[in-house]
Amino acid sequence: MIRERYLNALTLALFVAIPFWAISAEEPFTITLMTRAVVFAIAAVGLNIALGLGGLVSLGHAVFFGLGGYAMGILAYHAQNYTALTEWPFLIEGTKSMPVIWLVAVVVSSLAALVIGIMSLRTAGVYFIMITLAFGQMFFFFAISWAEYGGEDGLSIYVRNGFPGLNTLDPIQFYGLCLGLLCLVLLFAWRLSGSPFGLALNAARQVPVRVETAGLDPVRLKLVAFVVSGAITGLAGALFADLNRFVSPTMFSWQTSGEIMIFIIIGGVGRLFGPVVGALVFVALEHWLGALSDFWHIYLGLLLLVIVLFGKGGVIGMICGREAVHD
């Protein structure tokens, strides 16, 4: 437990130190890479609540990631074009305010997670995986056919949205904003895992019959976890869209869901900082190996094979031991 706390602190220190090194070394692209890792980590922390605590293997979390992205894209698109999103039954205009966009992204993603969760949680195991995948593909093809917002070509936003008191066009300031949100999300996940709800959810994952005997509904517990998970992933989607100033149907693709799950597997399923370590490793491999070969995913596959066969607790588990701790 102590070793894992030290590793978590070291990981957080790296996320603080590397961007400052990039400034001194005049390597601004490194800050963009770290921002990408932070945003991916937020998405993976969201999925880890459903997967690590609730045991819900979802291949449809790209739905929430994409909805968060399109929430940002649509609101910013109407703001930059000075057109109303809708005029009836009441006027809704676009906005370039990040807090408002985040709120919309979280609400939309939560509602989508509630609907999808109610239907998907009627199943279990491989059927749950397939139905979440099916929802992801439905949203993917809907986005492709949504010609009003770019269709398969996506939607570009000219200027990054604003946050009070910050210049979000400055890479280090935008990075600091994303890192602050990651810390808040990690704090929330930590408190959630140790709360009565988190303990009941963990029990529902392991022995649902005993949870029912105690008078709790395992399905309802998992539904709440799924909605919370979707909300956090939707927030990450809005940040990712703001980082790139672009949204496209690929945010809804099953590959995106797979990548978010890969972050967790690399770092360690159920580990508080597992998604963070996994996202950092993934982005580093993508950058370094991608520069060497277009087929760098082969090396990623080998890494996953080694982790699955020899280190089921992920990178953190290989270093600190298998048992996941949240305190």
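1. In this predicted model, asparagine 8 makes contact with Phe273 and Ile316 once residues up to four places away in sequence are set aside. Asparagine 8 belongs to helix H1. Its relative accessibility is 11%, and asparagine 8 therefore counts as buried.

2. As to overall composition, the secondary structure of the chain consists of 13 helices and four strands. The radius of gyration is 20 Å, close to the 20 Å given by the globule rule for 327 residues, so the chain is as compact as a globular protein of that length. The C-alpha trace spans about 55 × 50 × 40 Å along its principal axes.

3. Burial and surface may be taken together. Of the 327 residues in the chain, 50% count as buried. The accessible surface of the chain is about 15,600 Å², and carbon and sulfur atoms account for 69% of that area. Where contacts join residues at least 6 apart in sequence, 76% of them link residues at least 24 apart.

4. The largest nonpolar core contains 99 residues. The residues with the most contacts inside this core are Phe15, Val38, Ile42, Phe65, Trp102, Leu182 and Leu239. Which helix gives the most to this core? That helix is H2 (residues 28–53), which supplies 17 residues.

5. Leucine 182 merits a separate remark. Residues up to four places away in sequence aside, leucine 182 touches Val38, Ala41, Ile42, Val45 and Val276. Two of these partners, Val38 and Ile42, are also listed among the residues with the most contacts inside the core.

6. Helix H4 (residues 98–120) was checked for its span. Its 23 residues, at 1.5 Å a residue, should cover 33 Å, and the end C-alpha atoms are 31 Å apart, which agrees. The buried residues of H4 are Met98, Ile101, Trp102, Ala105, Ser109, Ser110, Ala112, Ala113, Ile116, Gly117 and Ser120. Against which helices do these buried residues pack? They pack against H3, helix H5 (126–145), helix H6 (171–194) and helix H9 (218–244). Trp102 appears both in this buried set and among the core residues with the most contacts.

7. The backbone holds a cis peptide bond from tryptophan 88 to proline 89, with omega near 5 degrees. Proline 89 is located in the loop that runs between strand S1 (84–86) and strand S2 (92–93).

8. Two residues other than glycine have positive phi values that a reviewer may wish to inspect. Glutamate 26 has phi near 55 degrees and is placed in the loop between helix H1 (2–24) and H2. Is glutamate 26 buried or exposed? Its relative accessible area is 67%, over the 50% cut-off, so glutamate 26 is exposed.

9. Tyrosine 82 likewise has phi near 55 degrees, a positive value in a residue other than glycine. The position of tyrosine 82 is in the loop between helix H3 (62–81) and S1. With a relative accessible area of 76%, tyrosine 82 is exposed.

10. On cysteine chemistry, a search of the whole structure finds zero disulfides. Cysteine 183 takes part in no disulfide, and the nearest cysteine sulfur, that of cysteine 178, lies 11 Å away. A disulfide requires sulfur atoms within 2.5 Å. Cysteine 183 has a relative accessible area of 34% and is partly exposed.

11. Why does cysteine 320 form no bond with the closest cysteine sulfur? The closest one, in cysteine 183, is 19 Å from the sulfur of cysteine 320, which is too far for a bond. Cysteine 320 is buried, at a relative accessible area of 17%.

12. Methionine 318 is situated in helix H13 (residues 314–320). Its relative accessibility is 49%, so methionine 318 counts as partly exposed. With neighbours within four places in sequence left aside, methionine 318 is in contact with Ile307 and Gly311. The C-alpha atoms of methionine 318 and aspartate 294 are separated by 29 Å, and these residues are 24 apart along the chain.

Notes: Residues numbered from 1 in each chain as written. Predicted model: local features only at pLDDT ≥ 70, side-chain atom pairs only at ≥ 80, totals over all residues. Heavy atoms only, no water. Buried < 20%, exposed > 50% of the residue type's maximum accessible area, 1.4 Å probe, protein only. Core = buried A, V, L, I, M, F, W, Y, C linked by side-chain atoms within 4.5 Å. Helix = DSSP H or I, 4+ residues; strand = E, 2+ residues; numbered from the N terminus. Contact = heavy atoms within 4.5 Å. Rg over C-alpha atoms; globule rule 2.2 N^0.38 Å. Areas by Shrake-Rupley, 256 points an atom, 1.4 Å probe, with all protein chains shown as cover. Expected span 1.5 Å × (residues − 1).
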